[in-house]
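Got the viewer open? Let's take a walk through this protein together, one selection at a time.

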Amino acid sequence: MKRAAAIGAYLAVMLAVDTQVTLQAQFVLGALTWIVLVLFVRPLTVDRRAQVAVVICAATVAEVTGSIVWGVYTYRLHNLPTFVPPAHGLVFMAGLALSDALRRHRRLLVGAAAAAASVWGVLGLTALPRTDAAGAVGVPLLLAFLWRSRGRAAYAGVFLVVGALELYGTAIGTWRWAAALPGLGIPDGNPPSGVASGYVWFDVMALLLAPRLLAALRRTGPLRPRPVPGTEHVPRSQAALPDAA
């Protein structure tokens, strides 16, 4: 829980500072966020680090597509801030830390996330100032993963972190979602209720692709076990690497 709270606090302060700085200072925030990411990643297992790397890559592609190319949402300086890719890794770690801290109450965590997503989706169609038809489309997808997936607790934790940061980031003006999806005209919220469903795909990709990526690296890359020079003996630490959790 301390890890989740520390990451959340850093992201909240960093986003608030971003609303007051120039592009040059934003580069400094980006460098600082990469450093913070490395510090939080260091204690993690190799497998978990690989998952964080996959999330960062997938989220960055989605950011470029959704913000820069499509214009579904726009950052304050109409760019992709350099702190965004590492921040996605921090959000993923915060969500996992939250789910781990509440592992004895996983049903409650998943139920709270499902209820929050459902209520948000309904309010977006009925009571919120902006009709949120686009966001509501993502809610059933999120609910399906919360209901059927083995990683439902992790998805629930990430949803709560993403939802809180989306509400906070849009409220202080770090980014803003378009009133309607460009080219489609479908009304969208600010933020959309189903925005966390996109994060589910990042998490799914991380959980599915990270083990395969590590397996490939262990066979052919820098993680491949190597014998001690002059012998055929592979150190136990390296021999056990393929089974690391």
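Start with the second largest pocket: select the residues that line it, and you'll find they split into 5 nonpolar, 3 polar and 6 charged. Keep in mind as you click around that this is a predicted model. The space inside this pocket comes to about 310 Å³. Its lining has 14 residues, and those closest to the centre are Arg106, Arg150, Gly151, Arg152 and Ala154. Which helices should you colour here? H3, H4, H5 (106–126) and H7 each give at least two residues to the lining.

**Zoom out for a moment**

Show the whole chain as a cartoon. You should be able to pick out 9 helices and 2 strands. Trace them from the N terminus and the order reads α-α-α-β-α-α-α-α-β-α-α. The chain has 245 residues, and 44% of them count as buried. Now think about who touches whom: among contacts with a separation of 6 or more, 71% are between residues 24 or more positions apart.

**The largest pocket**

How do we look for holes in a protein? Rolling a probe the size of a water molecule over the atoms shows where empty space is left. Next, select Tyr73, Glu166, Trp177, Val195 and Gly198, the residues nearest the centre of the largest pocket, which has 39 lining residues. Its volume is about 940 Å³. Many elements join in: H1 (2–18), H3, S1, H4, H6 (133–148), H7 (152–172), S2 and H8 each supply at least two lining residues. Colour the lining by class and you get 28 nonpolar, 8 polar and 3 charged residues.

**Rings that meet**

Show the aromatic side chains. The structure holds 4 aromatic pairs. Pick Tyr75 and Trp175: their rings sit edge-to-face, with 6.0 Å from centre to centre and 65° between the planes. Tyr75 belongs to strand S1 and Trp175 to strand S2, so this pair links parts of the chain 100 residues apart. Are these two buried or exposed? Tyr75 has a relative accessibility of 7%, so it counts as buried, and Trp175 is buried too, at 10%.

Now hop to Phe145 and Tyr155. Their ring centres are 5.8 Å apart and the planes meet at 85°, so this pair is edge-to-face. Phe145 is in helix H6 and Tyr155 in helix H7, so the pair ties together parts 10 residues apart in sequence. Phe145 is buried, with 17% relative accessible area, and Tyr155 counts as buried at 4%.

Before you leave the rings, add Tyr73 and Trp177 to Tyr75 and Trp175: these four form one aromatic cluster. You've met Tyr73 and Trp177 already, among the residues nearest the centre of the largest pocket.

**Along helix H3**

Select residues 46–69, which make up helix H3. Does its length add up or not? At 1.5 Å a residue, its 24 residues should span 34 Å, and the end C-alpha atoms are 33 Å apart, which agrees. Next, highlight the buried residues of H3, including Asp47, Ala50, Val54, Ile56 and Gly66. The buried residues of H3 pack against helix H2 (23–41), S1, H4 and H8. After H3 comes Gly71, with a positive phi near 80°.

**A glycine inside**

Go to Gly30, in helix H2. It is at 1% relative accessibility, so it counts as buried. What does Gly30 touch, leaving out residues up to four places away in sequence? The answer is Thr82, Phe83 and Pro86. Measure across to Val84 as well: the C-alpha atoms of Gly30 and Val84 are separated by 7.5 Å, although the residues are 54 apart along the chain.

**Two backbone stops**

Click on His78, in the loop between strand S1 (73–75) and helix H4 (84–101). Its phi is near 55°, a positive value in a residue that isn't glycine. His78 is exposed, with a relative accessible area of 66%.

Last stop: Asn190 and Pro191. A cis peptide bond joins them, with omega about 5°. Pro191 is in the loop between strand S2 (175–177) and helix H8 (195–220).

Notes:
Residues numbered from 1 in each chain as written. Predicted model: local features only at pLDDT ≥ 70, side-chain atom pairs only at ≥ 80, totals over all residues. Heavy atoms only, no water. Helix = DSSP H or I, 4+ residues; strand = E, 2+ residues; numbered from the N terminus. Buried < 20%, exposed > 50% of the residue type's maximum accessible area, 1.4 Å probe, protein only. Expected span 1.5 Å × (residues − 1). Contact = heavy atoms within 4.5 Å. 1 Å grid on protein atoms, 1.4 Å probe; cavity = no way out; pocket = protein on both sides within 12 Å on 5 of 7 lines; lining within 4 Å. Points joined across faces, edges and corners; volume = space filled by probe spheres on them. Nonpolar A, V, L, I, M, F, W, Y, C, P; charged D, E, K, R; others polar. Phe/Tyr/Trp six-rings, centres within 6.5 Å; stacked < 30°, edge-to-face > 60°.
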